[in-house]
Amino acid sequence: MHTENVLICGAGIAGPALAYWLDRYGYAVTVVERAPAPRPGGQAVDFKGATHRTVLERMGIWEEIHARRTGTTDTVFVDEHGQRLAFMSGDFTGGDVEILRGDLSRIMYERTAARCEYVFGDTVTALTDTEGGVRVEFERGAARTFDLVFGADGIRSRVRRLAFGPEREFVRHLGHYYCVAGASPWSTTAAGSRERATAHGYNTPGRLAVSGGPKAQQLYLFTAPELDYARDDVESQRRIVTEAYAGLGWQVPRMLEEMAAFDDFYLDSLSRVDMAKSGYTRGRVALVGDSGYGNTLGGFGTGLAVVGAYVIAGELALHDDHTVAFANYDAIMRRYAKIAGRSNAGRFLAPKTGYGIALRNRFLESPLWRLMSKYSDDASNDIELRDYPQLVAP
(Lines give C-alpha, C1' and ligand atoms only; values in the text may rest on other atoms or scores of the structure.)
Protein backbone atom coordinates (compact mmCIF):
# COMPACT_ATOMS: atom_id res chain seq x y z
CA MET A 1 0.00 0.00 0.00
CA HIS A 2 1.37 3.39 -1.02
CA THR A 3 1.11 6.58 0.99
CA GLU A 4 2.97 8.94 -1.33
CA ASN A 5 1.61 12.41 -1.96
CA VAL A 6 0.95 13.05 -5.62
CA LEU A 7 -0.20 16.09 -7.57
CA ILE A 8 -2.38 15.90 -10.67
CA CYS A 9 -2.65 19.07 -12.74
CA GLY A 10 -5.97 19.23 -14.57
CA ALA A 11 -9.52 18.26 -13.59
CA GLY A 12 -10.94 17.55 -17.05
CA ILE A 13 -11.04 13.86 -17.98
CA ALA A 14 -7.55 12.42 -17.58
CA GLY A 15 -7.02 14.09 -14.19
CA PRO A 16 -10.06 12.72 -12.32
CA ALA A 17 -9.62 9.31 -14.02
CA LEU A 18 -6.05 9.14 -12.73
CA ALA A 19 -7.16 10.42 -9.30
CA TYR A 20 -9.65 7.55 -9.11
CA TRP A 21 -7.04 4.86 -9.66
CA LEU A 22 -4.24 6.39 -7.59
CA ASP A 23 -6.58 6.92 -4.63
CA ARG A 24 -7.71 3.29 -4.87
CA TYR A 25 -4.07 2.20 -4.78
CA GLY A 26 -3.42 4.12 -1.58
CA TYR A 27 -1.89 7.38 -2.80
CA ALA A 28 -2.75 10.72 -1.22
CA VAL A 29 -4.03 12.68 -4.22
CA THR A 30 -4.25 16.43 -4.81
CA VAL A 31 -5.78 17.75 -8.04
CA VAL A 32 -5.21 21.37 -9.05
CA GLU A 33 -7.34 23.02 -11.74
CA ARG A 34 -7.10 26.60 -12.97
CA ALA A 35 -10.85 26.84 -13.63
CA PRO A 36 -12.88 28.00 -10.59
CA ALA A 37 -15.06 24.86 -10.59
CA PRO A 38 -15.70 21.70 -12.62
CA ARG A 39 -16.51 22.82 -16.14
CA PRO A 40 -20.07 22.04 -17.28
CA GLY A 41 -21.32 21.22 -20.78
CA GLY A 42 -18.63 21.29 -23.40
CA GLN A 43 -18.24 19.24 -26.53
CA ALA A 44 -19.49 15.69 -26.90
CA VAL A 45 -16.82 13.01 -26.43
CA ASP A 46 -17.10 9.30 -27.14
CA PHE A 47 -15.82 5.84 -26.31
CA LYS A 48 -15.49 2.96 -28.71
CA GLY A 49 -14.72 -0.73 -28.36
CA ALA A 50 -14.12 -3.32 -25.67
CA THR A 51 -10.94 -1.71 -24.31
CA HIS A 52 -12.61 1.58 -23.42
CA ARG A 53 -15.64 -0.16 -21.98
CA THR A 54 -13.50 -2.50 -19.86
CA VAL A 55 -11.69 0.41 -18.20
CA LEU A 56 -14.93 2.31 -17.58
CA GLU A 57 -16.57 -0.80 -16.15
CA ARG A 58 -13.61 -1.34 -13.82
CA MET A 59 -14.09 2.24 -12.67
CA GLY A 60 -17.75 1.46 -12.06
CA ILE A 61 -19.01 4.31 -14.25
CA TRP A 62 -20.03 2.63 -17.51
CA GLU A 63 -23.71 2.39 -16.58
CA GLU A 64 -23.87 6.03 -15.51
CA ILE A 65 -22.17 7.16 -18.72
CA HIS A 66 -24.61 5.10 -20.73
CA ALA A 67 -27.54 6.57 -18.80
CA ARG A 68 -26.36 10.14 -19.48
CA ARG A 69 -25.34 9.61 -23.08
CA THR A 70 -26.30 12.00 -25.82
CA GLY A 71 -28.27 11.05 -28.87
CA THR A 72 -26.69 10.17 -32.20
CA THR A 73 -26.01 12.89 -34.75
CA ASP A 74 -25.60 12.14 -38.45
CA THR A 75 -23.96 14.74 -40.69
CA VAL A 76 -25.23 15.57 -44.16
CA PHE A 77 -22.86 17.57 -46.37
CA VAL A 78 -24.78 19.93 -48.63
CA ASP A 79 -24.16 22.41 -51.42
CA GLU A 80 -24.96 26.12 -51.32
CA HIS A 81 -28.63 25.37 -52.05
CA GLY A 82 -28.94 22.78 -49.29
CA GLN A 83 -28.88 19.79 -51.63
CA ARG A 84 -27.30 16.63 -50.23
CA LEU A 85 -23.78 15.77 -51.43
CA ALA A 86 -22.63 13.15 -48.90
CA PHE A 87 -23.54 11.50 -45.60
CA MET A 88 -21.46 10.69 -42.50
CA SER A 89 -23.10 8.44 -39.95
CA GLY A 90 -23.17 9.43 -36.32
CA ASP A 91 -22.47 5.79 -35.48
CA PHE A 92 -18.90 6.46 -36.63
CA THR A 93 -18.40 9.93 -35.15
CA GLY A 94 -20.14 9.11 -31.86
CA GLY A 95 -18.56 5.73 -31.07
CA ASP A 96 -20.41 3.21 -28.93
CA VAL A 97 -21.47 5.84 -26.44
CA GLU A 98 -21.20 9.63 -26.54
CA ILE A 99 -21.48 12.00 -23.59
CA LEU A 100 -20.92 15.69 -23.01
CA ARG A 101 -17.41 16.36 -21.76
CA GLY A 102 -18.74 18.25 -18.74
CA ASP A 103 -21.06 15.40 -17.78
CA LEU A 104 -18.22 12.89 -17.98
CA SER A 105 -15.92 15.13 -15.96
CA ARG A 106 -18.64 15.57 -13.33
CA ILE A 107 -19.17 11.80 -13.02
CA MET A 108 -15.45 11.25 -12.42
CA TYR A 109 -15.19 14.22 -10.08
CA GLU A 110 -18.06 12.99 -7.94
CA ARG A 111 -16.39 9.56 -7.66
CA THR A 112 -13.19 11.12 -6.29
CA ALA A 113 -14.06 14.41 -4.54
CA ALA A 114 -14.72 12.88 -1.11
CA ARG A 115 -11.31 11.16 -0.94
CA CYS A 116 -9.06 13.42 -3.05
CA GLU A 117 -8.13 17.06 -2.46
CA TYR A 118 -9.34 19.32 -5.28
CA VAL A 119 -7.91 22.83 -5.52
CA PHE A 120 -9.80 24.99 -8.04
CA GLY A 121 -8.81 28.43 -9.26
CA ASP A 122 -5.06 27.79 -9.16
CA THR A 123 -2.29 26.42 -11.35
CA VAL A 124 1.38 25.49 -11.19
CA THR A 125 4.06 28.06 -12.00
CA ALA A 126 7.29 26.15 -11.30
CA LEU A 127 8.47 22.56 -10.84
CA THR A 128 11.78 21.61 -9.26
CA ASP A 129 12.45 17.88 -9.54
CA THR A 130 14.79 16.67 -6.80
CA GLU A 131 15.94 13.31 -5.53
CA GLY A 132 13.38 13.44 -2.72
CA GLY A 133 10.38 14.86 -4.55
CA VAL A 134 9.07 17.66 -6.73
CA ARG A 135 8.80 21.14 -5.25
CA VAL A 136 5.77 22.79 -6.82
CA GLU A 137 5.07 26.50 -6.83
CA PHE A 138 1.54 27.71 -7.44
CA GLU A 139 0.05 30.91 -8.81
CA ARG A 140 -1.95 31.46 -5.62
CA GLY A 141 -1.29 28.77 -3.05
CA ALA A 142 1.84 28.15 -1.02
CA ALA A 143 4.59 25.97 -2.45
CA ARG A 144 4.39 22.26 -1.63
CA THR A 145 6.48 19.16 -2.27
CA PHE A 146 5.03 16.02 -3.83
CA ASP A 147 6.51 12.60 -4.48
CA LEU A 148 5.15 12.53 -8.04
CA VAL A 149 3.53 15.08 -10.37
CA PHE A 150 1.23 14.29 -13.29
CA GLY A 151 0.35 16.65 -16.12
CA ALA A 152 -3.24 16.02 -17.20
CA ASP A 153 -3.76 19.59 -18.38
CA GLY A 154 -4.39 19.20 -22.10
CA ILE A 155 -2.56 19.96 -25.31
CA ARG A 156 -1.46 23.37 -23.99
CA SER A 157 -0.02 21.67 -20.90
CA ARG A 158 1.80 23.91 -18.48
CA VAL A 159 3.31 20.89 -16.72
CA ARG A 160 4.83 19.72 -20.00
CA ARG A 161 6.29 23.16 -20.63
CA LEU A 162 7.80 23.36 -17.14
CA ALA A 163 9.17 19.82 -17.02
CA PHE A 164 9.99 19.00 -20.65
CA GLY A 165 10.49 22.28 -22.50
CA PRO A 166 8.75 24.88 -24.69
CA GLU A 167 5.47 23.98 -26.39
CA ARG A 168 6.96 24.50 -29.85
CA GLU A 169 9.23 21.47 -29.30
CA PHE A 170 6.33 19.08 -28.79
CA VAL A 171 3.17 20.53 -30.35
CA ARG A 172 2.78 20.55 -34.12
CA HIS A 173 0.29 22.85 -35.81
CA LEU A 174 -1.76 20.85 -38.35
CA GLY A 175 -2.70 23.78 -40.57
CA HIS A 176 -6.26 24.28 -39.36
CA TYR A 177 -8.27 26.02 -36.66
CA TYR A 178 -11.61 24.99 -35.29
CA CYS A 179 -14.29 26.82 -33.38
CA VAL A 180 -17.29 25.48 -31.46
CA ALA A 181 -19.99 27.99 -30.58
CA GLY A 182 -23.23 27.63 -28.70
CA ALA A 183 -24.06 24.95 -26.15
CA SER A 184 -24.36 21.44 -27.49
CA PRO A 185 -27.89 20.69 -28.70
CA TRP A 186 -27.90 17.78 -26.27
CA SER A 187 -27.29 20.05 -23.26
CA THR A 188 -30.98 20.72 -22.86
CA THR A 189 -32.29 17.20 -23.60
CA ALA A 190 -33.13 14.56 -21.06
CA ALA A 191 -30.30 12.35 -19.82
CA GLY A 192 -30.02 9.14 -21.76
CA SER A 193 -31.66 10.57 -24.85
CA ARG A 194 -31.84 8.09 -27.72
CA GLU A 195 -32.92 10.64 -30.27
CA ARG A 196 -31.19 10.73 -33.64
CA ALA A 197 -30.43 14.17 -34.99
CA THR A 198 -29.01 15.52 -38.22
CA ALA A 199 -26.35 18.17 -38.61
CA HIS A 200 -25.64 19.90 -41.92
CA GLY A 201 -22.19 20.76 -43.16
CA TYR A 202 -21.19 23.14 -45.94
CA ASN A 203 -17.73 23.24 -47.52
CA THR A 204 -15.80 25.67 -49.62
CA PRO A 205 -12.07 25.06 -50.23
CA GLY A 206 -10.33 25.12 -46.86
CA ARG A 207 -13.49 25.84 -44.87
CA LEU A 208 -16.28 23.87 -43.25
CA ALA A 209 -19.32 25.24 -41.43
CA VAL A 210 -21.58 22.82 -39.55
CA SER A 211 -24.95 23.75 -38.10
CA GLY A 212 -26.47 21.57 -35.39
CA GLY A 213 -23.60 19.17 -34.80
CA PRO A 214 -22.89 17.05 -31.72
CA LYS A 215 -19.97 19.18 -30.55
CA ALA A 216 -21.98 22.40 -30.28
CA GLN A 217 -24.72 24.29 -32.09
CA GLN A 218 -22.07 25.45 -34.55
CA LEU A 219 -18.73 24.07 -35.67
CA TYR A 220 -16.25 25.92 -37.87
CA LEU A 221 -13.09 24.38 -39.29
CA PHE A 222 -10.75 26.33 -41.56
CA THR A 223 -7.20 26.34 -42.88
CA ALA A 224 -4.82 28.91 -41.45
CA PRO A 225 -1.18 29.25 -40.44
CA GLU A 226 -0.43 29.63 -36.75
CA LEU A 227 -2.29 32.71 -35.57
CA ASP A 228 -1.17 35.18 -32.94
CA TYR A 229 -4.11 36.02 -30.69
CA ALA A 230 -4.87 36.36 -27.01
CA ARG A 231 -6.52 33.23 -25.62
CA ASP A 232 -8.54 35.28 -23.15
CA ASP A 233 -9.82 37.76 -25.76
CA VAL A 234 -13.00 36.13 -27.02
CA GLU A 235 -14.07 39.10 -29.12
CA SER A 236 -10.88 39.06 -31.17
CA GLN A 237 -11.36 35.32 -31.68
CA ARG A 238 -14.92 35.91 -32.92
CA ARG A 239 -13.49 38.37 -35.44
CA ILE A 240 -11.02 35.74 -36.66
CA VAL A 241 -13.88 33.35 -37.42
CA THR A 242 -16.07 36.06 -38.93
CA GLU A 243 -13.29 37.18 -41.27
CA ALA A 244 -12.47 33.58 -42.26
CA TYR A 245 -16.09 32.99 -43.32
CA ALA A 246 -16.94 36.39 -44.76
CA GLY A 247 -18.78 36.21 -48.07
CA LEU A 248 -19.82 32.56 -47.86
CA GLY A 249 -23.31 31.48 -48.83
CA TRP A 250 -25.68 28.78 -47.58
CA GLN A 251 -26.62 29.45 -43.92
CA VAL A 252 -23.26 30.91 -42.97
CA PRO A 253 -24.44 34.58 -42.67
CA ARG A 254 -27.18 33.46 -40.27
CA MET A 255 -24.71 31.35 -38.30
CA LEU A 256 -22.22 34.21 -37.93
CA GLU A 257 -24.96 36.51 -36.71
CA GLU A 258 -26.00 33.97 -34.08
CA MET A 259 -22.40 33.26 -33.11
CA ALA A 260 -21.95 36.85 -31.97
CA ALA A 261 -24.53 36.27 -29.21
CA PHE A 262 -23.40 32.84 -27.98
CA ASP A 263 -21.77 32.73 -24.55
CA ASP A 264 -20.30 29.30 -25.28
CA PHE A 265 -17.38 29.93 -27.63
CA TYR A 266 -14.04 28.20 -28.07
CA LEU A 267 -11.34 28.63 -30.72
CA ASP A 268 -8.11 26.68 -31.01
CA SER A 269 -5.80 25.15 -33.56
CA LEU A 270 -5.81 21.57 -34.68
CA SER A 271 -2.57 20.40 -33.15
CA ARG A 272 -0.78 17.15 -32.47
CA VAL A 273 1.46 16.42 -29.48
CA ASP A 274 4.59 14.47 -30.38
CA MET A 275 6.58 13.09 -27.45
CA ALA A 276 8.22 10.29 -29.46
CA LYS A 277 11.77 11.35 -28.66
CA SER A 278 11.34 12.30 -25.01
CA GLY A 279 8.67 9.86 -23.87
CA TYR A 280 5.85 10.80 -21.52
CA THR A 281 7.89 10.82 -18.31
CA ARG A 282 10.83 12.73 -16.97
CA GLY A 283 12.19 12.26 -13.47
CA ARG A 284 9.21 12.30 -11.12
CA VAL A 285 6.88 13.94 -13.65
CA ALA A 286 4.59 12.13 -16.09
CA LEU A 287 2.07 13.24 -18.72
CA VAL A 288 -1.35 11.62 -19.12
CA GLY A 289 -3.98 12.24 -21.79
CA ASP A 290 -3.81 15.10 -24.28
CA SER A 291 -0.75 16.65 -22.63
CA GLY A 292 1.26 13.62 -23.78
CA TYR A 293 -0.55 12.25 -26.82
CA GLY A 294 -3.25 14.69 -27.88
CA ASN A 295 -4.49 15.19 -31.44
CA THR A 296 -7.30 17.73 -31.76
CA LEU A 297 -10.50 16.20 -33.21
CA GLY A 298 -8.51 13.03 -33.88
CA GLY A 299 -11.27 10.88 -32.44
CA PHE A 300 -9.29 8.91 -29.85
CA GLY A 301 -8.38 11.47 -27.18
CA THR A 302 -10.88 10.66 -24.45
CA GLY A 303 -10.36 6.92 -24.75
CA LEU A 304 -6.59 7.36 -24.66
CA ALA A 305 -6.92 9.50 -21.54
CA VAL A 306 -8.86 6.94 -19.50
CA VAL A 307 -6.70 4.04 -20.71
CA GLY A 308 -3.50 5.99 -19.99
CA ALA A 309 -4.68 6.80 -16.46
CA TYR A 310 -5.48 3.12 -15.87
CA VAL A 311 -2.08 1.99 -17.15
CA ILE A 312 0.16 4.41 -15.28
CA ALA A 313 -1.66 3.95 -11.98
CA GLY A 314 -1.59 0.17 -12.39
CA GLU A 315 2.12 0.14 -13.15
CA LEU A 316 2.77 2.21 -10.05
CA ALA A 317 0.72 -0.29 -8.03
CA LEU A 318 2.88 -3.13 -9.37
CA HIS A 319 6.27 -1.50 -8.77
CA ASP A 320 7.63 0.25 -5.70
CA ASP A 321 10.14 2.07 -7.90
CA HIS A 322 8.40 4.79 -9.92
CA THR A 323 11.20 4.72 -12.51
CA VAL A 324 10.25 1.15 -13.44
CA ALA A 325 6.55 1.99 -13.52
CA PHE A 326 7.16 5.09 -15.65
CA ALA A 327 9.33 3.14 -18.10
CA ASN A 328 6.61 0.50 -18.51
CA TYR A 329 3.96 3.18 -18.99
CA ASP A 330 6.10 4.82 -21.67
CA ALA A 331 6.51 1.54 -23.55
CA ILE A 332 2.84 0.54 -23.36
CA MET A 333 1.38 3.91 -24.27
CA ARG A 334 3.86 4.76 -27.03
CA ARG A 335 2.52 1.82 -28.98
CA TYR A 336 -1.15 2.39 -28.19
CA ALA A 337 -1.04 6.17 -28.61
CA LYS A 338 0.19 5.83 -32.20
CA ILE A 339 -3.49 5.81 -33.20
CA ALA A 340 -3.67 9.48 -32.22
CA GLY A 341 -0.74 10.47 -34.40
CA ARG A 342 -1.94 9.14 -37.72
CA SER A 343 -4.86 11.42 -38.46
CA ASN A 344 -5.53 15.03 -39.38
CA ALA A 345 -9.26 15.74 -39.20
CA GLY A 346 -8.76 19.10 -40.90
CA ARG A 347 -7.61 17.63 -44.20
CA PHE A 348 -10.60 15.29 -44.27
CA LEU A 349 -13.31 17.69 -43.10
CA ALA A 350 -12.06 20.85 -44.82
CA PRO A 351 -10.10 19.89 -47.96
CA LYS A 352 -8.16 22.76 -49.49
CA THR A 353 -9.52 22.38 -53.02
CA GLY A 354 -12.86 21.83 -54.70
CA TYR A 355 -11.50 18.60 -56.14
CA GLY A 356 -10.54 17.46 -52.65
CA ILE A 357 -14.05 18.18 -51.37
CA ALA A 358 -15.60 16.19 -54.22
CA LEU A 359 -13.19 13.30 -53.61
CA ARG A 360 -14.03 13.29 -49.89
CA ASN A 361 -17.75 13.24 -50.67
CA ARG A 362 -17.34 10.30 -53.05
CA PHE A 363 -15.31 8.47 -50.41
CA LEU A 364 -18.08 8.92 -47.84
CA GLU A 365 -20.55 7.36 -50.24
CA SER A 366 -18.28 4.39 -51.09
CA PRO A 367 -17.62 1.01 -49.42
CA LEU A 368 -14.12 2.26 -48.51
CA TRP A 369 -15.73 4.37 -45.78
CA ARG A 370 -16.83 1.20 -43.99
CA LEU A 371 -13.24 -0.06 -44.08
CA MET A 372 -12.08 3.16 -42.43
CA SER A 373 -14.71 2.71 -39.74
CA LYS A 374 -13.48 -0.83 -39.10
CA TYR A 375 -9.89 0.43 -38.83
CA SER A 376 -11.03 2.91 -36.20
CA ASP A 377 -12.71 0.13 -34.24
CA ASP A 378 -9.60 -2.06 -34.40
CA ALA A 379 -7.25 0.78 -33.42
CA SER A 380 -9.23 1.66 -30.30
CA ASN A 381 -8.78 -1.93 -29.06
CA ASP A 382 -5.11 -2.31 -30.01
CA ILE A 383 -3.80 -2.86 -26.49
CA GLU A 384 -3.76 -5.78 -24.08
CA LEU A 385 -4.99 -4.48 -20.76
CA ARG A 386 -3.19 -5.88 -17.75
CA ASP A 387 -5.05 -7.03 -14.67
CA TYR A 388 -3.45 -4.82 -12.06
CA PRO A 389 -3.53 -5.53 -8.28
CA GLN A 390 -6.78 -5.53 -6.36
CA LEU A 391 -7.84 -2.10 -5.19
CA VAL A 392 -6.66 -1.04 -1.75
CA ALA A 393 -9.50 1.34 -0.97
CA PRO A 394 -13.22 0.55 -1.30
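In what order do the three strands of the open sheet come, and is the pairing parallel or antiparallel? Select S8, S9 and S10: the open sheet runs in the order S8-S9-S10, and the pairing is antiparallel. The model in the viewer is a predicted one.

**Stop 1: the sheet**

Colour residues 124-130 and 144-146, which are strands S8 and S10. These are the edge strands, and each of them pairs on one side only. From one strand to the next, the twist averages 25 degrees.

Now add residues 133-138, strand S9, and look at the pairing with S8: six bridges, in the antiparallel sense. To find the register, show alanine 126 and, opposite this residue, glutamate 137 in S9.

**Stop 2: the hairpin**

Select residues 72-78 (strand S4) and residues 84-88 (strand S5), which run antiparallel and are joined by four bridges. The two strands form a hairpin, with five residues between S4 and S5. In the turn, pick glycine 82 and check the backbone: phi is positive, about 85 degrees. For the register here, show phenylalanine 77, which stands opposite alanine 86 in S5.

**Stop 3: charges over rings**

Keep phenylalanine 77 on display and add arginine 360. The charged end of arginine 360 sits over the ring of phenylalanine 77, 4.1 Å from the ring centre. Then go to arginine 238 and phenylalanine 265, where the charged end of the arginine again sits over the ring, 5.0 Å from its centre.

**Stop 4: aromatic residues**

Across the whole structure, a search finds 18 aromatic pairs. Take tyrosine 118 and phenylalanine 120: their ring centres are 5.9 Å apart and their planes meet at 15 degrees, so the pair is stacked. Is tyrosine 118 buried or exposed? Its relative accessibility is 15%, so tyrosine 118 counts as buried. Phenylalanine 120 has a relative accessible area of 23% and is therefore partly exposed.

Next, select Tyr20, Trp21, Tyr25, Tyr310 and Tyr388, which form one aromatic cluster.

**Stop 5: confidence**

Finally, colour the protein chain by pLDDT. The mean is 89, and 90% of the residues reach 70 or more. Where does pLDDT stay under 50? Select residues 188-192: pLDDT stays under 50 over this stretch, and the model has five contacts for these residues beyond four places in sequence.

Notes. Residues numbered from 1 in each chain as written. Predicted model: local features only at pLDDT ≥ 70, side-chain atom pairs only at ≥ 80, totals over all residues. Heavy atoms only, no water. pLDDT = per-residue confidence, 0-100. Contact = heavy atoms within 4.5 Å. Pairing = 2+ DSSP bridges. Axes fitted to C-alpha atoms, helices over the stretch in contact; angles between N-to-C directions. Phe/Tyr/Trp six-rings, centres within 6.5 Å; stacked < 30°, edge-to-face > 60°. Buried < 20%, exposed > 50% of the residue type's maximum accessible area, 1.4 Å probe, protein only. Lys NZ or Arg CZ within 6 Å of the ring centre and 35° of its normal.
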